[in-house]
Amino acid sequence: MRSMLLLAITVGGAAQAQDSAAPLWQTGADSTLSFIGVQQGAELEGRFESFDAQIRFAPEAPAAGRFEVIVAIASIDTDYDDRDEALRGPEFFDVERWPEGRFVAERFTSAGGDAYEAEGELTLRDRTLPLTVPFTFSAEGTDATLAGEVAISRLEFGIGQGEWTDTTYVGDEVIVRFHLDLQR
Amino acid sequence: MQLGNTRTGYGLVAQSLHWIVAGLVVYQFVLAQRAEAASLFQQLGILGRHKSIGLTIFALAALRLAWNLASSRPDPPEHEPRYRLILARATHAVLYALIFLLPVSGWIMSAAANTPVSYFGWFTLPNPVSPRQEWVEPLQAVHGALFATLTAIVIIHSAAALYHHFVLKDDVLRHMLPGLRRRKS
């Protein structure tokens, strides 16, 4: 019993030590992961309703950070069911085969002020490609906001097969936007 | 042929606007039919063009209305009974109303489906409503019903013009045709 307690204290202490280097933040419910594409020449906005963001980050020691964001692709929402169904289908994300999207970053650099860059890898469908994501991180006590946007090419990830590789009606570039309300 | 309307016929501006809008309305129907049979990908192209042309029709109809309000109309045939003048007025008013309401209903439908309307890729219209999917199907029905009504009114309008031309043998249809000699000066 005593050794158990001791173990608990030791483990707790270790976790705390890691926290101070790069604490793990809880993602608040108001956090958003959205995207803007171009359809028929007009901007079209959508979002992923369900995603899990494991954010370890400390502004004073960015190099110790680690991001792992897992997105439930089926939670895509562009405010129109027919289109969402098509996006989930085999010609776009093919959620039956690849239900998750993933971004993992373990290299961080400071870009001045509250701006940083996360160098990582983005996986969509069966393709994993390097991606550098600029973001701002502003902490105030136990609250923080992590926000930014990055442009990706949907075709590099195979999102749009067959005739959808033609970008006349649906543009290749998609801006991915994130705004995370964090707490620890 | 004069630009402006005269007492014996519509001028070049009014005639051009009338026939261009008529042609575009027919083309809109063709595009809508084609979209129904097309793949989702092709639909984006066809409906994108349908929306841009819809906006064009709206603008041309507005221009024509302004032009007609600013200039005089050709004289109706002599001894035209009052009820027919009123019927003609009413038909034209409904035609204009439908030509304006069709693009507007389409525009609202697009916005409800969170699909902003781009004018041939040049600029994007603001959304008149925020996305609300539950409106899309009712608006589709409204858009279709407006078009069915437009078709009926166009048939009445054309039948009336042909009736004037072939049965009453007056100049009413000629008012809207270029280069045809008037029966009466």
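This talk goes through a predicted model of two protein chains, A and B, starting with the interface, then the cores, then the salt bridges.

Let me begin where the chains meet. On the B side, 19 residues are in contact with 19 residues of chain A. The area buried between the two chains is about 1600 Å², and carbon and sulfur atoms give 59% of that. Which residues of chain B lose the most area to chain A? They are B:Phe41, B:Leu44 and B:Gln133, which together make up 42% of what the B side buries.

As for secondary structure, helix α2 of chain B, residues 40-70, gives the most to this side, with seven residues. Sorted by class, the side of chain B that touches chain A has 10 nonpolar, eight polar and one charged residues. The rule finds zero salt bridges across this interface. It does find eight residue pairs in polar contact there.

Next, the cores. The largest nonpolar core has 42 residues. Among those with the most contacts inside it are A:Ile55, A:Phe57, A:Phe93 and A:Leu146. Take A:Phe93 as an example. Leaving aside neighbours within four places in sequence, A:Phe93 is in contact with residues including A:Phe48, A:Ile76, A:Trp98, A:Leu124 and A:Ile159. Two arginines, A:Arg88 and A:Arg125, are also in contact with A:Phe93. Apart from this core lies another, of 21 residues, and B:Val21, B:Ile53, B:Leu98 and B:Leu150 are among them.

Now the salt bridges. Over all chains the count comes to 14. I will look at A:Arg66, which is partly exposed, with a relative accessible area of 30%. A:Arg66 forms a salt bridge with A:Glu68, and the closest N and O atoms are 3.0 Å apart. A:Glu68 has 18% relative accessibility, so this residue counts as buried, the cut-off being under 20%.

A:Arg66 also meets A:Glu106 in a salt bridge, at 2.7 Å from N to O. What does this pair tie together? A:Glu106 lies in strand β7 of chain A, residues 100-110, and A:Arg66 in strand β5, residues 66-72, so the pair ties together parts that are 40 residues apart in sequence. A:Glu106 is partly exposed, at 48% relative accessibility. These three residues belong to a network of salt bridges that also links A:Glu100 and A:Arg102.

One last pair: A:Asp94 and A:Arg97 form a salt bridge, with the closest N and O atoms 3.7 Å apart. Is each partner buried or exposed? A:Asp94 is buried, at 7% relative accessibility, whereas A:Arg97 is exposed, at 57%.

Definitions and conventions. Residues are numbered from 1 along each chain as its sequence is written. Chains are lettered from A and ligands numbered from 1 in the order in which they are written. This is a predicted model: local features need pLDDT of at least 70, side-chain atom pairs count only at pLDDT 80 or more; totals for chains, interfaces and linings use all residues. Side-chain values use heavy atoms; hydrogens and water are left out. Contact means heavy atoms within 4.5 Å. Buried area is the accessible area (1.4 Å probe) that two parts lose on being put together, summed over both. A salt bridge is a side-chain nitrogen of Lys or Arg within 4 Å of a carboxyl oxygen of Asp or Glu. A polar contact is a pair of N or O atoms within 3.5 Å; within protein, one must be able to donate a hydrogen and the other to accept it, and residues adjacent in sequence count only if both atoms are side-chain atoms. Helices (H or I, at least four residues) and strands (E, at least two) are DSSP runs, numbered from the N terminus. Ala, Val, Leu, Ile, Met, Phe, Trp, Tyr, Cys and Pro count as nonpolar, Asp, Glu, Lys and Arg as charged, and the others, Gly among them, as polar. A nonpolar core is a set of buried Ala, Val, Leu, Ile, Met, Phe, Trp, Tyr and Cys residues joined through side-chain atoms within 4.5 Å. Buried means under 20% relative accessible area, exposed over 50%, partly exposed in between (1.4 Å probe, protein chains only).
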